[in-house]
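Student: Hi, I have a new structure open and would like some help finding my way around. Could we go through it together?

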Amino acid sequence: MLWDLLRISMVFVSHLFVLPIMERPKDRITHPYLLWIIAFLFLEFVSVIVLHVVGDFNGLAGTILLATSSIVYGAVFIYTGSELIARNLFLFAAYCTFYMFAAGFSLAVSILPFIPANHSEMVMSLTLMLICFCYALLLRFHLCEFILGSLSKLTKELWILAVFGAVTFISVSCIVLIPLFFLVDEIYASIALTLIMFILAVSAYSIVFQIIRIMSARNDTAMLNERLNMLRNELESEKAYIESARRFRHDRRHHNRIMLEYIAQGRIEEAKGYIMKYDEQLSGKAVSDR
């Protein structure tokens, strides 16, 4: 039982190590890692209870712990991550799918003919930890920024991706759990099932990311068109302003010429009357413009 608890703890630790790298915590959450540690300790407690009740780390115990850890870690990932719940759900589901494939690959390595049977579980756990470590390094080297940048321009489409990711994770989990607990001695069947599911999932995600690229380009085009319309409106407003200023300058010259004629001819009272009339015209025009 102690070895089973250690194996389960290694799985939970790998999640604790990788998942926080994949998210951008909300500003209002000052200590996100504290929530991750609390979730880890809770899952450790649950694993002790499950193994005590079930009695062994078999298919039933593995399924219960997989479902429980997915719910607990998924809730923390969605809660502590950015405001877009759908994006967090898609990222978490994609990670879980990757992890299930990593578990299937680790199993295939552990049951190779040259691996001693009494060391297969250790080899599987170490292989799984190594894969998670490599994945964490890729996330650190701008993979996370690339993924988040690809999703940053999407809004409504994210829920479709989230549903796709969840369905893919559930489907892959059902397939991978079979060789993990029921076909351990069937090396070729294990490798074949994992490989077939891996090819299908990679193909599906390739199509999804191609769709994301197309949707991002479409959103960029829509944004450029919106900016173009704004610029066109600004140019029309500027053109109208220039035309108004030109008319005002023309009217001003005409007004000054008339005033000079009145003054040159000594017609002061007529000049005053003209000024009052002109002022009334300006006031009426200002009201009509409003």
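Tutor: Gladly, and one term should come before anything else: a residue is called buried when its relative accessible area is under 20%. Please also keep in mind that this is a predicted model.

Student: OK, so what share of the residues in the protein is buried?

Tutor: Of the 290 residues in the protein, 39% are buried.

Student: And how many helices and strands are there?

Tutor: The secondary structure comes to 8 helices and 0 strands, and reading along the sequence you therefore meet the pattern α-α-α-α-α-α-α-α.

Student: What about contacts between residues that are far apart in sequence?

Tutor: If you take the contacts with a separation of 6 or more, 75% of them are between residues 24 or more positions apart.

Student: Let's look at some helices. How do α1 and α3 cross?

Tutor: Helix α1 covers residues 2-18 and helix α3 covers residues 59-80, and their axes come within 12 Å and cross at roughly 25 degrees. Angles under 35 degrees count as roughly parallel, and α1 and α3 are therefore roughly parallel to each other. Their crossing is right-handed.

Student: Which residues make that contact?

Tutor: On the α1 side they are Ile8, Phe12, His15 and Leu16, while α3 brings in Leu65, Ser69 and Tyr73. Sorted by class, the contact of α1 with α3 has 5 nonpolar and 2 polar residues, with no charged residues.

Student: Then how do α3 and α4 pack?

Tutor: The axes of α3 and α4 are 10 Å apart, and the two helices pack at an angle of about 145 degrees, with α3 passing α4 in a right-handed crossing.

Student: Which residues meet there?

Tutor: From α3 there are Leu66, Ser70, Tyr73, Gly74, Phe77 and Ile78, and these meet Ile85, Asn88, Leu89, Leu91, Phe92 and Met100 in α4. The residues of this contact of α3 with α4 divide into 9 nonpolar and 3 polar, with no charged ones. Tyr73 takes part here, and Tyr73 is also one of the α3 residues in the contact with α1.

Student: Changing topic, where is Thr97, and is it buried or exposed?

Tutor: Thr97 lies in helix α4, which spans residues 85-110, and Thr97 counts as buried because its relative accessibility is 3%.

Student: What does its side chain reach?

Tutor: The side chain of Thr97 reaches the backbone oxygen of Ala93 at 2.9 Å. Leaving aside neighbours within four places in sequence, Thr97 is in contact with Gly165, Thr168, Phe169, Val172 and Tyr205.

Conventions. Residues are numbered from 1 along each chain as its sequence is written. This is a predicted model: local features need pLDDT of at least 70, side-chain atom pairs count only at pLDDT 80 or more; totals for chains, interfaces and linings use all residues. Side-chain values use heavy atoms; hydrogens and water are left out. Axes are lines fitted to C-alpha atoms, for helices over the stretch in contact, and angles run from 0 to 180 degrees between N-to-C directions. Helices (H or I, at least four residues) and strands (E, at least two) are DSSP runs, numbered from the N terminus. Angles under 35 degrees count as roughly parallel, over 145 as roughly antiparallel, 65 to 115 as roughly perpendicular and the rest as oblique. A crossing is left-handed if the near helix is turned anticlockwise from the far one by less than a right angle, and right-handed if clockwise. Contact means heavy atoms within 4.5 Å. Ala, Val, Leu, Ile, Met, Phe, Trp, Tyr, Cys and Pro count as nonpolar, Asp, Glu, Lys and Arg as charged, and the others, Gly among them, as polar. Buried means under 20% relative accessible area, exposed over 50%, partly exposed in between (1.4 Å probe, protein chains only). A polar contact is a pair of N or O atoms within 3.5 Å; within protein, one must be able to donate a hydrogen and the other to accept it, and residues adjacent in sequence count only if both atoms are side-chain atoms.
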